[in-house]
Amino acid sequence: MHGKKSEDVLKQLNVNPRYGLRAEEISSRRIKFGANTVDRTRQKSLFLRVLGAFSEPMLLILCFALAITLGVNIGKFVRTGDGDLTECIGIFTAVALSVTITVVMEDRSQKAFELLRAVSDKTVVKVRREGEITLIPQSEIVVGDVMILESGNRVCADGRIIKGENLAADESSLTGESKPRNKRAGAVVDDNAPLADRINCVYGGTLITSGRGEAVATAVGNGAEMGKIAKELQIKNKISSPLSEKLDRLGKAVTIIGGIAASAVFVVSLIRLIIAGNANFDTVQEIFIGSVVLIVAAVPEGLPTIVAVSLSLNVMKLAKENALIKKLVVAETAGCVSVICSDKTGTLTQNRMETESVFDANGKKTNKLPKIIHDNIIFNSVLSAAEEKGNLIWAGDPTERALVSAALGAPTEKINALRAGKKVAEREEFTSDRKYSSVKIREKGGFRTYYKGAFEKIAAFCGDGAGISPQIKKEMDLCVKNARRVIAFAHSDGEGTVFDGFAALTDPVRPDVKKSVELCKKAGISVKILTGDNAQTAFAVARELGIANYENEVITAAEAERMDDGAFSAALKRVTVVARSTPLLKLRAVNLLKSAGEVVAVTGDGINDAPAIKQADIGIAMGSGSEIAKEAGDIVLLDDSFTTIVKAIFFGRNVYANFQRFIMFQLSVNFSAVITVLAALFFGLKSPFNALQLLWINVIMDGPPALTLGFEAPSGELMNDSPKKRSDNLVTKKIAARILVHSLYTSAVVTWQALTDFMRVPVEENASVVFSLFVFFQLFNAFNSRQVGSQSIFRGFFYNLPMLVSFGAVTVLQVVITQFGGGLFGTVPLSFESWVKTVAVSSTILLISETSKAAYRILLKVTGKTARPLISVSAAKR
């Protein structure tokens with residue numbers, strides 16, 4: 001419709017602009033063109049949400065393990081009448097806990113998000129129908145309605161302007177352009193003109209900032225520009241989170257290792273049966289079942305529970321920090337973010353004009369407005385104080401709001417009193433063609449005319465700038481270079497025009513952003529600005545925040561669109577600002593960054609940000625932003641603070657570290673148990689543990705000692721580390737080495753005690769000592785697992801009180817089981833000397849771990865590679 005004259009559009013829609021629509025037309029137009037409502041994504045049913053939670057890789061492996069274990073025990077029960085379902089119950093409990101926590105937490109977040117939605121179909125708008133201006137709910141607007149546009153009104157449908165007077169609209173939520181766009185009813189633009197250049201149209205979701213006018217509705221609901229974007233967001237793309245990919249790889253690796261160990265056990269046992277002459281169907285079946293159970297034992301079934309618990313705790317922490325997380329896994333993905341693609345207007349800046357500085361007639365910067373400029377601002381504006389939700393606000397053009405705020409401060413009725421004593425003889429309002437405004441005031445003994453507007457226009461009134469000092473021009477050029485908007489002032493008392501000075505206006509950056517950007521850079525996270533604003537303004541903001549230092553770090557959408565994907569992907573490695581970005585270009589940039597292995601977070605508040613927010617690994621919407629952006633986002637920042645993003649990354653990194661702690665502990669238990677069983681088989685010993693003892697070990701592995709690793713306070717080194725890449729594994733080479741060393745050491749000592757009784761305990765106590773020795777090895781190893789890196793476990797030792805309590809409780813229970821549980825667990829009471837030896841020997845695993853880490857820290861210090869933590873452990877705990 002922007003490529004046609006307004007008369008042709010009215011004719012095409014069969015609308016009389018002076019009369020509007022007839023009542024009998026409304027229903028037929030709604031049927032033909034649709035209702036003015038945007039279809040929202042239907043929420044998944046409880047069944048589908050549960051099914052979705054089951055789709056996580058580790059849960060699928062556990063379900064497979066549950067099926068095998070259940071089948072084996074049913075077969076055993078049928079054959080012998082003796083089946084043990086305790087392992088089945090343990091696996092089922094772990095799966096059920098994980099699914100329940102995930103579904104409940106995401107349901108709570110979704111309900112909170114529903115309450116956050118601010119747009120209501122009950123909002124009323126002015127339209128002309130049957131020759132009368134009437135108020136109707138915005139949902140009742142149909143194509144062909146003549147909408148009345150007034151300053152301060154939100155546009156509720158796309159429309160072609162048919163009448164306008166000084167009309168301007170803030171379209172930043174749709175185009176990213178920070179300055180209001182002047183509108184002209186008589187203009188006809190090219191059919192292929194981008195949204196930002198369609199000066200003869202208005203769009204749903206934008207705001208009228210000044211003037212008045214009328215527009216005929218040309219598209220509503222899903223057919224409007226906002227609706228089209230919303231519809232695109234409903235297309236479901238299969239996007240796997242980095243955590244899912246890592247758990248998938250871990251699950252496959254553990255299954256393969258367990259399969260190899262089970263195969264080894266089966267082969268060795270089969271050879272021994274053949275040599276002993278005992279090979280038959282029953283004995284071969286028994287060792288086969290035992291081998292299958294070994295595969296199940298290798299799977300860390302507590303991992304899904306610790307994942308769900310850790311993520312839930314993180315979601316609750318971030319909720320207190322004003323971050324509403326809609327999907328649980330996002331709480332961890334935040335810790336892996338390597339690139340943040342941010343919108344500028346409303347995200348990095350405050351999306352409001354502010355008078356930054358004022359210069360007098362001599363070019364001197366002044367903290368106090370000269371009276372002549374103060375009076376110019378008061379009288380030469382049509383701004384007024386209006387009431388909104390019980391509060392006074394400045395209603396009108398953003399530039400005038402900034403100037404009047406500088407003159408009078410907070411909105412006040414005082415402006416009316418100041419104007420009351422002056423009689424306006426003549427007024428010229430600002431237009432895009434005129435580029436200035438003026439007002440002629442009757443003064444005592446004559447008239448005074450005030451002028452304000454573009455510097456070149458005001459300078460022309462003052463003798464073509466001949467009387468303007470060089471200092472003024474120098475300061476003005478500097479302001480323009482820094483992308484400040486310059487408004488000049490002059491006055492005339494009838495004998496020539498005098499230049500009075502100028503004001504520099506800006507959309508100020510949010511006060512917390514610069515420090516947050518610095519933290520991101522120190523944490524190895526790249527921050528890029530993808531904005532619909534022009535290159536000069538975007539670069540000025542980027543330079544102020546330390547995101548860009550050189551102009552060659554900025555490219556425009558036009559330049560990017562001329563590049564193929566390879567060239568654009570290469571450019572994104574050096575470019576930090578993409579100006580005049582369109583929604584499609586933002587989406588393309590996000591996809592290329594992800595293809596390069598980056599974990600991408602996209603922040604924004606506008607409708608134009610929504611597609612990229614949806615496609616990103618983490619979409620972050622501002623709480624004050626558009627509903628479409630919030631619908632697309634994974635996280636909604638209730639305080640609009642960029643700092644909250646950094647907190648989410650910090651907490652997310654701790655969640656990732658907690659997963660690594662838990663996995664290191666659980667795999668150490670699993671592998672040491674498997675190696676011990678294999679060693680006993682190799683040396684011809686009977687199994688070192690009976691069924692109930694194995695169950696108790698399993699409780700330790702999956703119970704409180706393991707789960708409390710998820711309560712570890714954030715380490716001071718977290719924001720010193722580089723971001724975890726999408727291709728990185730949860731089990732790093734260092735963690736794998738520690739798992740291997742701890743497992744081999746534990747198994748070697750336990751097997752050596754079973755073989756030789758090197759601890760010199762009574763013969764009848766040896767089996768119970770072997771059992772207790774293995775348990776205490778795991779308890780002490782849980783403390784080793786508290787530090788994934790090279791830091792000592794004694795640093796911040798008392799911060800995780802739940803773990804200390806669980807250690808004490810399990811120690812007491814182990815003593816009780818051993819001393820008094822002989823009938824159930826097959827143990828005998830140990831002497832005090834045996835207990836001392838058991839605890840002393842098992843604690844050596846702490847000595848080995850601490851010694852190796854101390855040696856590593858010394859090596860780092862000698863080579864100069866040690867780094868000072870950004871945040872101390874005590875600060876992290878606070």
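This tour proceeds from the whole chain to two sheets, the nonpolar cores and several single residues.

**The whole protein**

Begin with the full structure, which is a predicted model. Colouring by secondary structure shows 33 helices and 24 strands. The protein has 878 residues, and 52% of them count as buried. The exposed area is about 39700 Å², of which carbon and sulfur atoms supply 59%. Contacts between residues at least 6 apart in sequence are worth displaying next: 71% of them join residues at least 24 apart.

**The seven-stranded sheet**

Select the strands β11, β10, β18, β17, β16, β15 and β14 in that order; they form an open sheet of seven strands with antiparallel pairing. At its edges stand β11 (365–366) and β14 (423–428), each of which pairs on one side only. From the β14 edge, step inward to β15 (residues 436–443), which is joined to β14 by five bridges in the antiparallel sense. Within this pair, label E426 and its bridge partner in β15, K440.

Now add helix α12 (residues 371–379), which packs on the sheet. The helix touches β10 (354–359), β14, β15, β16 (446–453), β17 (485–492) and β18 (497–506), and its direction makes about 85° with that of β16. Is α12 mostly covered or mostly exposed? Eight of its nine residues are buried, so the description "mostly covered" applies under the cut-off of 20% relative accessible area. The buried residues are I372, I373, H374, D375, N376, I377, I378 and F379.

Move next to β18, another element that is mostly covered, with eight of its ten residues buried. On one pairing, β18 runs antiparallel to β10 through five bridges, and V358 has A503 as its bridge partner. On another, β18 pairs with β17 in the antiparallel sense over eight bridges; here A490 is matched with F499. The strands β17 and β18 form a hairpin with four residues between them. Select G494 in its turn, where phi is positive at about 105°.

**The eight-stranded sheet**

Hide the first sheet and select β8, β24, β23, β22, β9, β19, β21 and β20. In that order they make up an open sheet of eight strands with mixed pairing. The edge strands are β8 (323–325) and β20 (554–556); each has a single partner strand, so one side of each lacks a neighbour in the sheet. From one strand to the next, the twist averages 20°.

At the β20 edge, the partner is β21 (residues 577–579), paired in the parallel sense over three bridges. Label V554 and, opposite it in β21, V577. Then bring in helix α21 (residues 583–595), which lies across β9 (339–342), β19 (526–530), β21 and β22. The helix runs at about 160° to β22.

**The nonpolar cores**

Show side chains for the largest nonpolar core, a set of 102 residues. The members with the most contacts inside this core are L311, I340, I547, I618, I635, F642 and W696. Helix α24 (residues 642–682) gives the most to the core, contributing 19 residues. Centre the view on I618: beyond its neighbours within four places in sequence, it is in contact with V330, T333, A334, V337, V600, A601, V602, D634 and I635. A second, separate core has 33 residues, including A557, A571, V590 and V600.

**Single residues in loops**

Select G606, in the loop between β22 (600–604) and α22 (610–615). How buried is G606? Its relative accessible area is 0%. Residues that G606 touches, not counting those up to four places away in sequence, are S173, S626 and A629. Draw a C-alpha to C-alpha distance from G606 to S172: the two are 434 residues apart in sequence and 6.9 Å apart in space.

Next, find T708 in the loop between α26 (704–707) and α27 (733–756). T708 counts as buried because its relative accessibility, 7%, is under 20%. Leaving aside neighbours within four places in sequence, T708 is in contact with N800, P802, M803 and S806.

**Cysteines**

Finish with C462 and C479. C462 is buried, with a relative accessible area of 8%, and C479 is buried at 9%. A search of the whole structure finds zero disulfides.

How values were computed: Residues are numbered from 1 along each chain as its sequence is written. This is a predicted model: local features need pLDDT of at least 70, side-chain atom pairs count only at pLDDT 80 or more; totals for chains, interfaces and linings use all residues. Side-chain values use heavy atoms; hydrogens and water are left out. A disulfide is a pair of cysteine sulfur atoms within 2.5 Å. Buried means under 20% relative accessible area, exposed over 50%, partly exposed in between (1.4 Å probe, protein chains only). Helices (H or I, at least four residues) and strands (E, at least two) are DSSP runs, numbered from the N terminus. Contact means heavy atoms within 4.5 Å. Accessible areas come from the Shrake-Rupley method with a 1.4 Å probe; for residues, only the protein chains shown count as cover. Two strands pair if DSSP finds at least two bridges between them. Axes are lines fitted to C-alpha atoms, for helices over the stretch in contact, and angles run from 0 to 180 degrees between N-to-C directions. A nonpolar core is a set of buried Ala, Val, Leu, Ile, Met, Phe, Trp, Tyr and Cys residues joined through side-chain atoms within 4.5 Å.
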